[in-house]
Amino acid sequence: MASDTAAMGDLGTEEGVRRRDWIHIAALSTAGVGGASLLIPLVSQMAPSADVLAASTTEVDVSAIQPGQAIKAVFRKQPLFVRRLTADEIKSANEVEVSSLRDPQTLGDRTKEGHEDMLITMGVCTHLGCVPLGAAEGENRGEFGGYFCPCHGSHYDTAGRIRKGPAPLNLQVPEYQFTSDTVIRVG
Ligand code: FES
């Protein structure tokens with residue numbers, strides 16, 4: 001995510017990592033005898049541990065989600081919305097003139113082939129990061145039947161596309177894949 005990238009800053013870039021290595025190595029060089037023996041533990045500490053790697057993906061069993069229902073999951077410590085669209089919601093998303101959209105995308109662009117009824121998005125408003133309503137039963141889904149962010153009034157449609165309000169972009173669709181007909185792996 002852009003915010004992740006921003007949060008990582010320079011240390012998240014290759015250049016940043018190289019610079020960090022150099023700082024460690026430079027510090028060790030000045031430590032004199034014995035410095036080399038410290039290098040290996042320091043480098044191994046910098047590699048992501050197995051639990052960190054596992055936490056970077058999220059698996060969701062979507063089999064119990066009925067048309068019109070959504071669930072909230074967590075992906076990289078942020079809310080993830082997994083929604084099964086009804087036939088009417090798919091129809092209404094496909095009827096929109098895409099070129100009229102602020103962030104032009106079709107429903108097909110935002111779903112996987114053969115699974116156009118499964119809409120997987122981050123539950124993070126693209127305005128200032130509030131969690132929109134609409135994933136839980138009975139919540140306000142806004143004027144376009146998708147999600148509604150009450151912080152400043154952004155309305156998303158049934159494809160999670162921004163339709164009204166200050167948010168500049170559609171709800172982000174994370175990287176994911178179906179590992180079976182009923183399970184998705186995000187990340
Ligand atoms: S954070 Fe959602 S409308 Fe401002």
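Modeller: A residue counts as buried if 20 or more other C-beta atoms lie within 10 Å of its own. The model discussed here is predicted.

Biologist: What percentage of the residues in the chain is buried?

Modeller: The chain has 187 residues. Taking the cut-off of 20 or more other C-beta atoms within 10 Å, the buried residues make up 25%.

Biologist: How many helices and how many strands does the chain have?

Modeller: From the N terminus on, the elements run α-α-α-α-β-β-β-α-β-β-β-β-β-β. The count for the chain is five helices and nine strands.

Biologist: In what order do the strands of the open sheet lie?

Modeller: Three strands form this sheet, and their pairing is antiparallel. The edge strands, each pairing on one side only, are β2 (70–75) and β4 (118–122). The twist averages 25 degrees from one strand to the next. The order is β2-β3-β4.

Biologist: Which residue in β3 is the bridge partner of Ala73?

Modeller: Strand β3 covers residues 78–84 and runs antiparallel to β2, with six bridges joining the two. Within this pairing, the partner of Ala73 is Leu80.

Biologist: Which residue in β9 stands opposite Asp61?

Modeller: Strand β1 (residues 58–61) pairs with β9 in the antiparallel sense over four bridges. The residue opposite Asp61 is Val183.

Biologist: Which residue in β9 is the bridge partner of Gln177?

Modeller: Strand β8 (residues 176–178) also pairs with β9 in the antiparallel sense, over three bridges. A hairpin of four residues joins β8 to β9. The partner of Gln177 is Arg185.

Biologist: Which side chains of β9 are buried?

Modeller: In a regular strand the side chains alternate between the two faces of the sheet. Strand β9 (residues 183–186) shows this alternation: Val183 and Arg185 point to one face and are not buried. Pointing to the other face, the buried pair is Ile184 and Val186.

Biologist: Why is Gly187 classed as partly exposed?

Modeller: Gly187 lies in the segment after β9. A buried residue needs 20 or more other C-beta atoms within 10 Å, and an exposed one has 12 or fewer. Gly187 falls in between because its count within 10 Å is 16 other C-beta atoms.

Biologist: What is the C-alpha to C-alpha distance between Gly187 and Tyr176?

Modeller: Gly187 touches several residues more than four places away in sequence, among them Ser56, Phe75 and Glu175. Tyr176 is eleven residues from Gly187 in sequence. In space, C-alpha to C-alpha, the two are apart by 5.6 Å.

Conventions. Residues numbered from 1 in each chain as written. Predicted model: local features only at pLDDT ≥ 70, side-chain atom pairs only at ≥ 80, totals over all residues. Pairing = 2+ DSSP bridges. Axes fitted to C-alpha atoms, helices over the stretch in contact; angles between N-to-C directions. Contact = placed C-beta atoms within 7 Å.
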